[in-house]
Amino acid sequence: MKLERRSVFGWGATAAGHAPCDRGLVIHYDSGNLGLHAKDHSACRTYWKNTRRFHMGPSRGWADLGYAFGVCPHGIVMEGRGAKRAQAAQPGGNTTWTSCTLMTGPAEDITPAAIEGVRQLRAWLRTNHGLGTGVRGHRDFISTSCPGDKAYALVRNGTFSKPPGSGGVEDDLIGLSKGSKGEGVEAVQEMVRLAGHGKALGRGGVDGIYGPGTAEGVRLCRKDVGSAAKAGYGDKITGHALAQLIAAVGKHQGGK
Ligand SMILES: [Zn+2]
Ligand SMILES: [Zn+2]
């Protein structure tokens, strides 16, 4: 992971208080299309400094830059308040979740480098700071366009939940079945949860183990989008089942 600490920007220790911030990662964006992907990384550093100045200025008056981290389109992780500090990013989750902005606008695609940067940041936080498995978007906390439809689609389909070095998420999910374990299963379970069937997962929740609860959750998701969904229909992630899972998430989230 290419991490630029606060010292790179000439900042001392943050004035923000300590907080657990261990439920997972929350993805944000900038409301403007900044075009940083087409510029040199020095533009990202300037953006990061300006964002802090704005957040600490008269219109916001915050103690520090609002976010814990940023990942630029070049895939470089930039430290804001840092790990385990209270943020001014997602009301309702400022002391329990860890924020990460992608520095993109609504029309901008999330670069493969940025996706990899988020995965690296998440893996690093999980190893070194006890971060939980959750991955959410700002709009999961309050009514906002953030993190934009493009990034939010990646939140929902499990792209950010994959380990660093993974390819496209879909290829890795097809073929998972009862008895499978790991991050791919977590992505399936997160989709089941986002489709409104988190209860089916049982007490284990999103635990990376494809057991009877996960199978039932997948079956219910398929049923939601018109499948006959007989017994056994949730036991394996076929290409068709995956397409139905994605559709079920869209249907449930769209109805909110
Ligand atoms: Zn946001
Ligand atoms: Zn950059």
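# Close-up views of a predicted zinc-bound chain

The chain carries 33 positive and 21 negative side chains, and the centres of these two sets are 4 Å apart (Lys and Arg count as positive and Asp and Glu as negative, while His and the chain ends are not counted; the place of a charge is NZ of Lys, CZ of Arg, CG of Asp or CD of Glu). This is a predicted model, in which local features need pLDDT of at least 70 and side-chain atom pairs count only at pLDDT 80 or more, whereas totals for chains, interfaces and linings use all residues. Residues are numbered from 1 along each chain as its sequence is written, chains are lettered from A and ligands numbered from 1 in the order in which they are written, and side-chain values use heavy atoms, with hydrogens and water left out.

**View 1. The whole chain, with its helices and strands.** The secondary structure comprises 7 helices and 6 strands (DSSP runs numbered from the N terminus, with helices being H or I of at least four residues and strands being E of at least two), and from the N terminus on the order is β-β-α-β-β-β-α-β-α-α-α-α-α. With a radius of gyration of 19 Å, close to the 18 Å that the globule rule gives for 256 residues, the chain is as compact as a globular protein of that length (the radius is taken over C-alpha atoms, and the rule is 2.2 Å times the number of residues to the power 0.38). Along the principal axes, the C-alpha atoms fill a box of roughly 60 × 35 × 35 Å. Of the 256 residues, 52% count as buried (buried means under 20% relative accessible area, exposed over 50%, and partly exposed in between, with a 1.4 Å probe and protein chains only). Among contacts between residues at least 6 apart in sequence, 68% join residues at least 24 apart (contact means heavy atoms within 4.5 Å).

**View 2. The zinc ion and its protein donors.** The zinc ion (ligand 1) has as its protein donors His 28 through ND1, His 138 through ND1 and Cys 146 through SG, at 2.0 to 2.2 Å from the ion (donors are N, O and S atoms within 2.8 Å of the metal, or 3.2 Å for Na, K and Ca; water is not among the atoms, so sites may look incomplete). His 28 belongs to strand E2 (residues 24-28) and His 138 to the loop between strand E6 (134-137) and helix H3 (148-156), so this pair ties together parts that are 110 residues apart in sequence. Along the chain, the donors follow the spacing H-x109-H-x7-C. His 28 counts as buried because its relative accessibility is 0%, and His 138 likewise counts as buried, at 10%.

**View 3. The cis peptide bond beside a zinc donor.** Cys 146, whose SG is a donor to the zinc ion, is joined to Pro 147 by a cis peptide bond with omega of about 10°. Pro 147 is placed in the loop between E6 and H3.

**View 4. Thr 101 and its surroundings.** Thr 101 is part of strand E5 (residues 98-101), and its relative accessible area of 0% makes it buried. Neighbours within four places in sequence left aside, Thr 101 is in contact with His 28, Tyr 29, Asp 30, Trp 48, Tyr 67, Phe 69, Gly 70 and Val 71; His 28 in this list is also one of the zinc donors.

**View 5. Leu 65 in its loop.** Leu 65 sits in the loop between helix H1 (41-56) and strand E3 (69-71) and is buried, with a relative accessible area of 0%. Apart from neighbours within four places in sequence, the contacts of Leu 65 are Trp 11, Trp 48, Thr 51, Arg 52, His 55, Met 56 and Arg 81.

**View 6. Two residues with positive phi.** Lys 84, in the loop between strand E4 (77-79) and E5, has phi near 60°, a positive value in a residue other than glycine, and counts as partly exposed at 31% relative accessibility. Ala 229, in the loop between H6 and helix H7 (239-254), has phi near 55°, again positive in a residue other than glycine, but is buried, with a relative accessible area of 4%.

**View 7. Pro 164 and its contacts.** Pro 164 is found in the loop between H3 and helix H4 (169-173) and is partly exposed, with a relative accessible area of 37%. Not counting residues up to four places away in sequence, Pro 164 touches Glu 116, Arg 119, Gln 120 and Ala 123.
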